[in-house]
Every structure is written in C-alpha cells, then in structure tokens.
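User: I am new to this structure and would like a quick tour. Please take my questions one at a time.

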Amino acid sequence: MRIHLLSVGRRMPPWVQAGFEDYVRRLPPECALRLVEIEPGQRGRGSAERARREEGERLLKAVPKRAAIIALDERGETWSTAQLAGELRGWLAGGRDLALLVGGADGLDGDCLAQAERRWSLSPLTFPHPLVRVILAEQIYRAWSLVNGHPYHRA
C-alpha cells in the first residue's frame, strides 16, 4: 500500500521539507508516503470559488486509480492516535492505495468532498498548510509504530 499525500501548494520552506522527509524515511516500503504538490489556483478579487474548483480538478486528476480517497476537512471525523492506528491497520490489510487530499487556502472543492470515502479532521484547530504536511507524516509514522509495536509511541 502507498499513501499519496496530494496537497495544494508549492515551494515550502526548508523546515517543512526536512520535517516531512524525516518521517517519510522512517516508514517502511509497505507503508510508503508520497507527496504530490498541486499547483494553487489563481486568486484575485472574488475568485476564491474558481481557484478552489481549479485546485479540486487538479487534486482529483492526481488521485491514483482505485485509491481510496480521504479528504482532510475541518468537519471530518477526529481520530485519536489509537483510532488512527486502527484505520491504518485496515488500510494496510486492504492493500489498496490511499489518497489524502489537502486543499488550498479556501479548503477543498465540493467535488473532492463528494468523491471522498471519508473525511478526516486533524484537529478542531486550524493549522497552516505547510505544517499539515509535517503533522500528517508524523501521525502516519506514529500510527505505523503503534501497529508494529515500535517504541516511538509511548502513550
């Protein structure tokens, strides 16, 4: 199984790239995490909806065939670390690739939300998009470590 993090945004600060890559390197091949950066839509006066639609089209086009889609959305389900580990266990057992969709500044387009099998909220807090990449990578690694009895997770 591969996890594809499809995220709107380009040219992240070096600390984001370093943090993300640190956790990606720790994951084994059977739980590989791959980042696909999606070009943000053009924004101007009154164009947020158009930009969100453009981003949504690009996100959905980047989803690998037969991958399960999970939309990162503030109105989604919140999972504890143990619950995320359970989700990961199921995803690994299913063997199907996973596409995690992270929208741009104005969130995800309705088509992305409609095509998602699930919606996941990382927190009731709002995080900057660059930080979401690092949080996702760390949480996936943490869940993997819990599933595999690795000592990284000490709760």
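User: How many of the ten residues of strand S3 (residues 68-77) are buried?

Analyst: A note before the answer: this is a predicted model. A residue counts as buried when its relative accessible area is under 20%. Strand S3 is largely enclosed by the rest of the structure, because its buried residues number seven of ten.

User: Which strands does S3 pair with?

Analyst: Four bridges join S3 to strand S4 (residues 98-102), and the two run parallel. Four bridges also join S3 to strand S5 (residues 118-120), again in parallel. The partners are S4 and S5.

User: Which residues stand opposite Ala68 and Ala71?

Analyst: Take the S4 side first. There, Ala68 stands opposite Leu98. On the S5 side, the residue opposite Ala71 is Arg119. So the two names are Leu98 and Arg119.

User: What is the strand order of the sheet?

Analyst: The sheet is open, has five strands and shows parallel pairing. Its edge strands are strand S2 (32-38) and S5, each pairing on one side only. From one strand to the next, the twist averages 30 degrees. The order is S2-S1-S4-S3-S5.

User: How many bridges join strand S1 (residues 2-8) to S4?

Analyst: S1 and S4 run parallel. Within this pair, His4 stands opposite Ala99. The number of bridges is five.

User: Which handedness does the β-α-β unit of S3, helix H3 (residues 81-94) and S4 have?

Analyst: S3 and S4 are parallel strands joined by four bridges. Together with helix H3, these strands make a β-α-β unit. The unit is right-handed.

User: What pattern does the protein chain follow along the sequence?

Analyst: Start with the inventory: five helices and five strands. Reading along the sequence gives their arrangement. The pattern is β-α-β-α-β-α-β-α-β-α.

User: Why does Cys112 count as buried?

Analyst: Cys112 is found in helix H4 (residues 110-115). Buried means under 20% relative accessible area. Cys112 falls under that cut-off, because its relative accessibility is 0%.

User: Which residues is Cys112 in contact with, leaving aside its neighbours within four places in sequence?

Analyst: One partner, Leu59, is 53 residues away in sequence. In space, the C-alpha atoms of Cys112 and Leu59 are 7.7 Å apart. Contact here is counted between heavy atoms within 4.5 Å. The contacts are Gly56, Leu59, Leu60 and Leu101.

User: What distance separates the end C-alpha atoms of helix H5 (residues 129-147)?

Analyst: Helix H5 has 19 residues. At 1.5 Å a residue, it should span 27 Å. The model agrees with that expectation: the end C-alpha atoms are 27 Å apart.

User: Which residue that follows H5 has a positive phi?

Analyst: Inside H5, several residues are buried, including Val132, Leu136, Ile140 and Trp144. After the helix comes a residue with phi near 65 degrees. That residue is Gly149.

User: What radius of gyration does the protein chain have?

Analyst: The C-alpha atoms fill a box of roughly 50 × 30 × 30 Å along the principal axes. A compact globule of 155 residues would have a radius of gyration near 15 Å. The chain agrees with that rule, at 15 Å.

User: Among contacts between residues at least 6 apart in sequence, what share join residues at least 24 apart?

Analyst: For background, 46% of the 155 residues count as buried. The contacts in question are those in the protein chain between residues at least 6 apart in sequence. The share joining residues at least 24 apart is 81%.

Terms used:
Residues are numbered from 1 along each chain as its sequence is written. This is a predicted model: local features need pLDDT of at least 70, side-chain atom pairs count only at pLDDT 80 or more; totals for chains, interfaces and linings use all residues. Side-chain values use heavy atoms; hydrogens and water are left out. The expected span of a helix is 1.5 Å times one less than its number of residues. Buried means under 20% relative accessible area, exposed over 50%, partly exposed in between (1.4 Å probe, protein chains only). Two strands pair if DSSP finds at least two bridges between them. A crossover is right-handed if, with the strands pointing away from the viewer, the path from the first strand over the helix to the second runs clockwise. Axes are lines fitted to C-alpha atoms, for helices over the stretch in contact, and angles run from 0 to 180 degrees between N-to-C directions. The radius of gyration is taken over C-alpha atoms; the globule rule is 2.2 Å times the number of residues to the power 0.38.
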